[in-house]
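Reader: I am new to this structure. Please take me through a single part of it, slowly enough that I can follow along.

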Amino acid sequence: MSITRRTLLTTAAGAAVAASASTSTTAAATTDAADQASVTRTLRQAADHAVAKLRAVAPGVTAFPVGTKFEKWTYSQNGDWVGGFWPGQLWLAWLHTGEEQFKTLALASAEKLAPRQNDTGTHDLGFLFSPSWVTAWRLTGDDKWRAGAVQAASSLIKRYNPAGRFIRAWGSLTDPNNAGRVIMDTMMNLDLLAFASEQTQDPRYLDIAIAHAKTTQRNFPRPDGSTPHVFDFDPVTGAPIGPNTVQGYSPASCWSRGQAWGVYGFTTIHRRTGDAEFLTTARRLADFALSRLTPDHVPVWDYLAPQAPNDVKDASAGVIMACGLLDLAELTHHPRYRESALRILTAVSRTCLTTKSTRAEASVARCTRNRPNEDGVEVSLPYADYYLLEGILRVLDRDKVDRAIDL
């Protein structure tokens, strides 16, 4: 074969390969665009469903939803630990739609939490005041909301144990029971303290938040990145005693919602401090949880329970973790965290919503509150509805959510 003939064939073959590669690339890009459009459509429909439920139900709500029974909300008058999520949902609905009724209802609901700013009997003041009063201040500029949130932070730091460098989870300050008990959920209450330090320029609040986070970081994560729900300390000496649980299967298991609180909480405290170790811990916890997700992308209630993954689900753990994963993606520049968050949000939107029920008052079904106590299994929970909407709006309109929660 002549050199000219060989060159022509080689050139033709190269052109064919290039054309094939170009076609494949174009096809892949088209598929990716179609997939992205499908995800966006699914999430928008889910947000619209959530807002429609609030539009129908919220005007008649005079207390704080805590969970559903036969698809209808049951209520707490003082908010229990979940009171902040109802006004929080209403704020997100207002940002999403611009409908003034949601703002009016959010303000009225948040106002009912006023007595809790002086509550020293719970660690849950962040859950109560961050989505409600802190958000109200950010969106309205009315100083009463800022002042109330700072007062709540002042109540929270009274629960700090300097011997063990932790914030006690449960029980009044004079109650010796549970005096050395720390739970993973508290990681989500630390942002209220960061807010208080920012507003008052008093470092004491953030110093306590950091100390608690470091104690949690030191004692909760196992080598594989899983965590127990509870870790106990001697309340007098501060010495560690060991892992325990209340809502997980056992001290050696991994309650999925607690793991989600950890992912989101450690990511947030990293955002407020810049401490790289907090980000590393958030990634460890996230990587473990993602390794335990089944193809349906809805977490089982406890990743290490004996029947996992073939056990009851907790969609609330999924949407909470999705919010933390979206943070992780931005902070680490690892797109796999965003992709995982989108898969979880899409899965919950397609398989866990109450779209086929005219009776249901909540948006998200398939949640589990406390499986060991058989309390709230396969129900709806207010924090699931809140974090679904937060997660979706982070994807669809991040700037609006940033106004509410300071991303």
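Let us take the open sheet. How many strands form it, in which order do they stand, and in what sense do they pair?

Author: Keep in mind that this is a predicted model. The open sheet has three strands. Their order is β5-β6-β7, and the pairing is antiparallel. β5 and β7 stand at the edges. Each has a single partner strand, so one side of each is left without a neighbour in the sheet. The sheet is also twisted: on average, neighbouring strands are turned by 25° against each other, direction ignored.

Start with β5 and β6. Strand β5 covers residues 181–183. Three bridges pair β5 with β6, in the antiparallel sense. Two of the partners can be picked out by eye. R181 has D232 of β6 as its bridge partner. I183 has V230 of β6 as its bridge partner.

Now cross to the other side of β6. Strand β7 spans residues 240–244. Four bridges join β7 to β6, and these two strands run antiparallel. Look at V230 again: N244 in β7 stands opposite V230. Thus V230 is the bridge partner of I183, and V230 also faces N244.

β6 and β7 form a hairpin. Six residues lie between the two strands. One residue to find there is G238, which takes a positive phi near 80°.

Next, the side chains of β6. This strand holds residues 230–233. In a regular strand, side chains alternate between the two faces of the sheet. β6 shows two directions: V230 and D232 point one way, while F231 and F233 point the other way. All four are buried. D232, the bridge partner of R181, is one of these buried residues.

A helix belongs in this picture too. Helix α7, residues 204–219, lies across β5, β6 and β7. The helix runs at about 105° to β6.

With the sheet in place, turn to the empty space in the model. Rolling a probe the size of a water molecule over the atoms shows where such space is left. One cavity of 30 Å³ or more is counted. The largest cavity has a volume of about 320 Å³. Its lining has 26 residues, and the closest to its centre are S130, M188, D191, Y264 and I405. Several helical stretches contribute two or more residues to this lining: α4 (125–140), α6 (190–200), α8 (256–273), α12 (382–396) and α13 (398–405). α4 gives the most, with seven residues. By class, the lining has 15 nonpolar, five polar and six charged residues.

There are open spaces as well. The largest pocket has a volume of about 360 Å³. Of the 19 residues that line this pocket, D80, W81, D124, W170 and Q247 are the closest to its centre. The lining divides into nine nonpolar, four polar and six charged residues.

The second largest pocket holds about 170 Å³ of space. Two elements give two or more residues to its lining, α1 (3–57) and α11 (335–351). α11 gives the most, with six residues. Among the lining residues are D32, D35, E339, R343 and R350. By class, the lining of this pocket has three nonpolar, two polar and five charged residues.

To go back to the sheet, begin at β6. β5 and β7 stand at the edges, and α7 lies across β5, β6 and β7.

Notes. Residues are numbered from 1 along each chain as its sequence is written. This is a predicted model: local features need pLDDT of at least 70, side-chain atom pairs count only at pLDDT 80 or more; totals for chains, interfaces and linings use all residues. Side-chain values use heavy atoms; hydrogens and water are left out. On a 1 Å grid over the protein atoms alone, a cavity is a set of points where a 1.4 Å probe fits but cannot get out, and a pocket is an open set with protein on both sides within 12 Å along at least five of seven lines; lining residues have an atom within 4 Å of a point. Grid points are joined across faces, edges and corners, and a volume is the space filled by probe spheres set on the points. Ala, Val, Leu, Ile, Met, Phe, Trp, Tyr, Cys and Pro count as nonpolar, Asp, Glu, Lys and Arg as charged, and the others, Gly among them, as polar. Buried means under 20% relative accessible area, exposed over 50%, partly exposed in between (1.4 Å probe, protein chains only). Two strands pair if DSSP finds at least two bridges between them. Axes are lines fitted to C-alpha atoms, for helices over the stretch in contact, and angles run from 0 to 180 degrees between N-to-C directions. Contact means heavy atoms within 4.5 Å.
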